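Trainee: Could we go through this model together before I write up my notes?
Mentor: Yes, have a look at it here.
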Amino acid sequence: MAITVSERDGVVIFKLSGRIIAPGIEEVSETVSETLAVRASPAKLVFDFKEVTAMDSSGLGALMKVYSDIHPHGGEIAVINVNKHVKNLIVMARLITVFKSYENEDDAVAALLHHP
C-alpha cells in the first residue's frame with residue numbers, strides 16, 4: 001500500500017495504490033492528517049483509486065473519518081478512477097452521495113473548485 005500527495009489549484013490529490021486494508025490503513029490516515037494539519041480550511045480532497053487493487057471496510061472507515069473531520073468545516077471529498085469492487089463497497093455502505101465520483105482528475109478538481 002502506498003500513497004502519494006500532490007496539489008492542483010488548492011485541491012489536494014491523494015493517489016492510492018495497492019491494497020487499502022487493515023492494518024496498513026494507518027498510513028493513509030496519518031498521511032491525510034499530516035497534510036490537512038498544514039492547510040487552511042475548507043479542505044478539498046480528491047482520492048485517486050486507479051492503482052488500488054483491493055479495499056476493505058477499514059479503508060472505507062478511514063475515508064469516513066477524513067470526511068467527518070473536514071465536512072463540518074466546509075470540506076469536500078471527491079473520488080476518481082474507482083474500480084468495480086471499491087464502487088460496490090461505497091454503494092453498499094450507502095456513501096455514494098457522500099463521496100462524489102468523477103471520471104478523471106480534471107473533472108474532480110473543476111467540480112470542487114466551482115462548488116460553493
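Mentor: What follows covers one helix, one threonine and the nonpolar cores.
Mentor: This is a predicted model, so local features need pLDDT of at least 70 and side-chain atom pairs count only at pLDDT 80 or more, while totals for chains, interfaces and linings use all residues. Residues are numbered from 1 along each chain as its sequence is written, and side-chain values use heavy atoms, with hydrogens and water left out.
Trainee: Which residues are buried in helix H4?
Mentor: In H4, residues 105-114 (helices are DSSP runs of H or I, at least four residues, and strands are runs of E, at least two, numbered from the N terminus), the buried ones are Glu105, Ala108, Val109 and Leu112, where buried means under 20% relative accessible area with a 1.4 Å probe, protein chains only. They lie on the same side of H4 because they cover an arc of only 95 degrees around the axis, taken from the directions from the helix axis to the C-beta atoms.
Trainee: And what caps its N-terminal end?
Mentor: Asn104 does, with a side-chain oxygen 3.1 Å from the backbone nitrogen of Asp106.
Trainee: Switching to Thr35, is that residue buried or exposed?
Mentor: Thr35 counts as buried, because its relative accessibility is 16%. Beyond its neighbours within four places in sequence, Thr35 is in contact (heavy atoms within 4.5 Å) with Val5, Val12 and Phe14.
Trainee: Which element gives the largest share of the largest nonpolar core?
Mentor: That core has 28 residues, with Phe99 and Leu16 among those touching the most other members, and H2 provides the largest share, six residues.

Technical notes: Buried means under 20% relative accessible area, exposed over 50%, partly exposed in between (1.4 Å probe, protein chains only). A polar contact is a pair of N or O atoms within 3.5 Å; within protein, one must be able to donate a hydrogen and the other to accept it, and residues adjacent in sequence count only if both atoms are side-chain atoms. A nonpolar core is a set of buried Ala, Val, Leu, Ile, Met, Phe, Trp, Tyr and Cys residues joined through side-chain atoms within 4.5 Å.
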